[in-house]
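This report turns to the enclosed spaces of the structure shown below and then to one of its helices.

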Amino acid sequence: MRQEILSIEDARRKIAEGRILLLAGDEDALRQLPKGNWLAGTIPYFISHERGGLVSRELVFATDITDIVADVAIAQYDQNTLARVYAEGPKHGFSFIVIPASSPTHLAFALNAPNYKSFGVRPLIGWIAGVHLDDLGKRTPKVFNGMTGDVVEDGALVLQAELPPNKLAEIGIINLFEQGDGDILTFNHDGFASKDVLVNGEKRDFAAYLLKNKLDTKLPLVADYYGVMVNISFQGIDEAEGTVKFYAPVFSGIRYKHAKPVADYVKTFQECLGKECGGDTDKVVFSCNCILNYLYSELEGKKTDPFIGPVTFGEIAYQLLNQTLVYLEVKDF
């Protein structure tokens, strides 16, 4: 297996060789590729071994899984059929999913995934496709089925990978954030936006609360799911609507806190690396990092080895996550 930045010409060559590829790139770059054994999502932001964080509309990022899988197939779902994604995953392997950002399927997955049949039973990893930030509102994120040539604006493409009997897939999450010591925040509804929040049980105007307390919205809300920290990133405050908007949904009944600040992203990241992987990074097949980490931590030109890959509008490790790095390991056993 190998993860690398490729020119269009090199990507074409690998596709012609029959390699099985997970690709990421700008829409114009992906449209230049021939049919083959590949699945892709749109994004022009990457982190590479050679150049660290970079933005390119001409290059594509490739994860070559040819040598670790026994068989693959690509399935397509929409917001009405996505509930089958866990149950229909490979019995011995993993599913790799890409969904266009802000599509109805993205919203449905974000809100409902934990309630889908067989949630968490089989490994599901992936990411939310995006666009260059200069193209927001001008172009739509897309996913590409290299086997058929189909380009999808609303739906989910899932590469279902069967592994040989002696290999095992595991998913990891690196989250630099943890709950701060501030107020306990809860919500009365599920959703990507909220006008109100319960602060230690007292109903408050959420936007006014954020402004009065001068909370840094670059730091997410963090929920503690039985020891697993799950972030809800702020998209911003819509003053016209009087709402606070998020990149992932908040859920009623969950206790959130504003995150503790991270002083040095790269240093903290390296510390987390050792804890998460124990230094055995040769088994990492795929990883992706959140674009908010890329922007807020100024990762352009910085390296985060061995975790490279696309920079995304959301990460998927069984369910939608924000401001995390997720990775897939394939181990011998």
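Helix H3 (104-112) and strands S18 (221-225), S19 (228-232), S21 (243-250) and S26 (319-321) each supply at least two residues of the lining of the largest cavity, and S19 gives the most, with 3 residues. Helices (H or I, at least four residues) and strands (E, at least two) are DSSP runs, numbered from the N terminus. This is a predicted model, in which local features need pLDDT of at least 70 and side-chain atom pairs count only at pLDDT 80 or more, while totals for chains, interfaces and linings use all residues. Residues are numbered from 1 along each chain as its sequence is written, and side-chain values use heavy atoms, with hydrogens and water left out.

A cavity is a set of points, on a 1 Å grid over the protein atoms alone, where a 1.4 Å probe fits but cannot get out, and its lining residues have an atom within 4 Å of a point. The two cavities compare as follows.

| Cavity | Volume | Nonpolar | Polar | Charged |
|---|---|---|---|---|
| Largest | about 100 Å³ | 12 residues | 2 residues | no residues |
| Second largest | about 60 Å³ | 2 residues | 5 residues | 5 residues |

Of the 14 residues that line the largest cavity, the closest to its centre are Val230, Pro249, Phe251, Gln319 and Leu320. The lining of the second largest cavity includes Asp26, Arg57, His132 and Arg139.

In helix H1 (residues 8-16), the buried residues (under 20% relative accessible area, 1.4 Å probe, protein chains only) are Ile8, Ala11, Lys14 and Ile15. Seen down the axis of H1, these buried residues fall within an arc of 125 degrees, so they line one face of the helix. On the other side of H1, Glu9 and Ala16 are exposed (over 50%).

How values were computed
Arc of directions from axis to C-beta. 1 Å grid on protein atoms, 1.4 Å probe; cavity = no way out; pocket = protein on both sides within 12 Å on 5 of 7 lines; lining within 4 Å. Points joined across faces, edges and corners; volume = space filled by probe spheres on them. Nonpolar A, V, L, I, M, F, W, Y, C, P; charged D, E, K, R; others polar.
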